[in-house]
Amino acid sequence: MDKKYVIDTDENKAFLKKLCQELLSFGHQFPSPGGGSWYLGDDGTPWKDRNRETWITCRMAHVYSIGTLMGHEGASELADAALKGLKGELKDEKNGGWYAGLTPEGGIVPSKQCYAHAFVILAATSTLLAGRPGAEQLLEDALALYDKYFWDEEQGLACDTWNTEFTVLDDYRGINANMHSVEAFLAVADAAGLLEYRQRAGRIIRRVIGWAKENNWRIPEHFTKDWQPDLECNREKPDDQFKPYGATPGHGIEWARLITQWALSTYKDEAEQAKPFIEAAENLFNRAVADAWDADGAPGIVYTTDWNGSPLVHDRMHWTLAEAINTSSILYRVTGKQRYADNYAEFMQYLDEKVLDHVNGSWFHQLDRENKVIGTVWPGKSDIYHALQATLIPYSAPDKSIALAVKEA
């Protein structure tokens, strides 16, 4: 196998460094005049006929804050542009919080999403670490709003979606928003020293591990308002962009990384207390890889499976591969098990051979079961968040959020 796919080789480090800089360059055209992020097309030019989404804007604030910490030329101005959008056109001054997004004509995309607000928190922590003006106030505002409307202290979980005015809470409860809340909470603890958010992340993690363990380490994604798993949700729409039916192996992989980060940061010198959480992370990762990697005669990780692990939606999403690269590297570092280094090398080779766009840059966001580029769920290349993190996490401290790890490195 080519050395550039093998973890800890100079060739692999150089390969990821090159990809990182190419990704940061690819995303330069994201800012709209008001600061909200355009949706990027196949070659990085904006698709201005699509909504300017808050979650994409937050991701761009996050990645270009990391770029600022790395000394990437122009990154600080780009982070500031995204901050302008979050402090300006995307913020609901009347009802509080942040719109889901804006339409091409400047109208409001209805609803207030926990998913988007978790990313506002992440963006605020990263811009804070990068020393961007206004970041501290953004974090203060985002945490206050999140705590008021989304955090359920009794359950130790977050609700999902309000109407725009914050007067009607939808009955749906979901794990995806909670996963990105964990990511954001760990970043808050790292960036601002607010350790209660690390404890809060642990409450979510314990619930998710419990549900997964009862379900053969396949995480239920969708729930009723009283947090009963709804395993039949969206059976008629199995490739939904945010709420697909069945198990989503990529989320099992992503949860495994976040659980590992939480355990290592919470039990720094208490390996025995961290151990059961690391084991849970391994179970989640190994179940997802066994179900979804090379599951249909071609390389790649299928998007969803049924509750027995059989593939449903065979398409390969770029974010799933990014998380597989991240988590395999982290588990290798934490456990020392060669199987994870082997997984990493396979994922890196697949990235290079199938998912990297060697002509236009960045990563193809969706491939079919034969690894041909399609765009039924993820046309274009909306942002660079997952891909950029996958170029950094393999060589970053596993107990820290990525922005802090880059800053300290």
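Modeller: A residue is called buried here when its relative accessible area is under 20%, and exposed when that area is over 50%. The model under discussion is predicted.

Biologist: How many of the 17 residues of helix H2 are buried?

Modeller: Helix H2 covers residues 54–70. Its span from the first C-alpha to the last is 24 Å, close to the 24 Å expected at 1.5 Å a residue. With the cut-off of under 20% applied, the helix is mostly covered, and the number of buried residues is 14.

Biologist: Which residue just after H2 takes a positive phi?

Modeller: H2 ends at residue 70. Just after the helix, a phi of about 85° is found, and the residue that takes this value is Gly71.

Biologist: Which strands stand at the edges of the open sheet, and why is one side of each left without a neighbour?

Modeller: The open sheet consists of three strands with antiparallel pairing, in the order S3-S4-S5. Each edge strand has a single partner strand, so one of its sides has no neighbour in the sheet. The strands at the edges are S3 (52–53) and S5 (108–109).

Biologist: Which residue in S5 does Leu102 stand opposite?

Modeller: Strand S4 comprises residues 101–102 and runs antiparallel to S5, to which two bridges join it. Opposite Leu102, in S5, stands Ile108.

Biologist: What is the volume of the largest cavity?

Modeller: Searching the whole structure yields five cavities of 30 Å³ or more. The largest of them has a volume of about 210 Å³.

Biologist: Which of the residues that line the largest cavity are the closest to its centre?

Modeller: The lining of the largest cavity divides into eight nonpolar, eight polar and three charged residues. The elements that contribute two or more residues to this lining are H2, H6 (175–192), H8 (249–266), H10 (318–335) and H12 (385–390). Of the 19 lining residues, the closest to the centre are Arg59, Tyr115, Trp319, Trp378 and His386.

Biologist: Which element gives the most to the lining of the second largest cavity?

Modeller: The second largest cavity has a volume of about 150 Å³. Among its 15 lining residues, Arg257, Gln261, Lys400, Ser401 and Ile402 lie nearest the centre. The lining comprises seven nonpolar, five polar and three charged residues. With three residues, the element that gives the most is H8.

Biologist: What is the length of the polar contact that joins the side chains of Asp296 and Arg316?

Modeller: Asp296 is placed in the loop between helix H9 (271–292) and strand S12 (316–317). Its side chain reaches the backbone nitrogen of Ala298 at 3.5 Å. The polar contact between the side chains of Asp296 and Arg316 has a length of 2.8 Å.

Biologist: What distance separates the C-alpha atoms of Gln29 and Thr45?

Modeller: Gln29 belongs to the loop between helix H1 (10–26) and strand S1 (39–40). Its relative accessible area of 41% makes Gln29 partly exposed. Gln29 and Thr45 are 16 residues apart along the chain, and their C-alpha atoms are separated by 6.3 Å.

Biologist: Does Pro394 count as buried or exposed?

Modeller: Pro394 is located in the loop between H12 and helix H13 (402–408). From C-alpha to C-alpha, Pro394 and Leu331 are 9.9 Å apart, with their positions 63 residues apart in sequence. The relative accessibility of Pro394 is 0%, so Pro394 counts as buried.

Notes
Residues numbered from 1 in each chain as written. Predicted model: local features only at pLDDT ≥ 70, side-chain atom pairs only at ≥ 80, totals over all residues. Heavy atoms only, no water. Pairing = 2+ DSSP bridges. Helix = DSSP H or I, 4+ residues; strand = E, 2+ residues; numbered from the N terminus. Expected span 1.5 Å × (residues − 1). Buried < 20%, exposed > 50% of the residue type's maximum accessible area, 1.4 Å probe, protein only. 1 Å grid on protein atoms, 1.4 Å probe; cavity = no way out; pocket = protein on both sides within 12 Å on 5 of 7 lines; lining within 4 Å. Points joined across faces, edges and corners; volume = space filled by probe spheres on them. Nonpolar A, V, L, I, M, F, W, Y, C, P; charged D, E, K, R; others polar. Polar contact = N/O pair within 3.5 Å; in protein donor to acceptor, adjacent residues only side chain to side chain.
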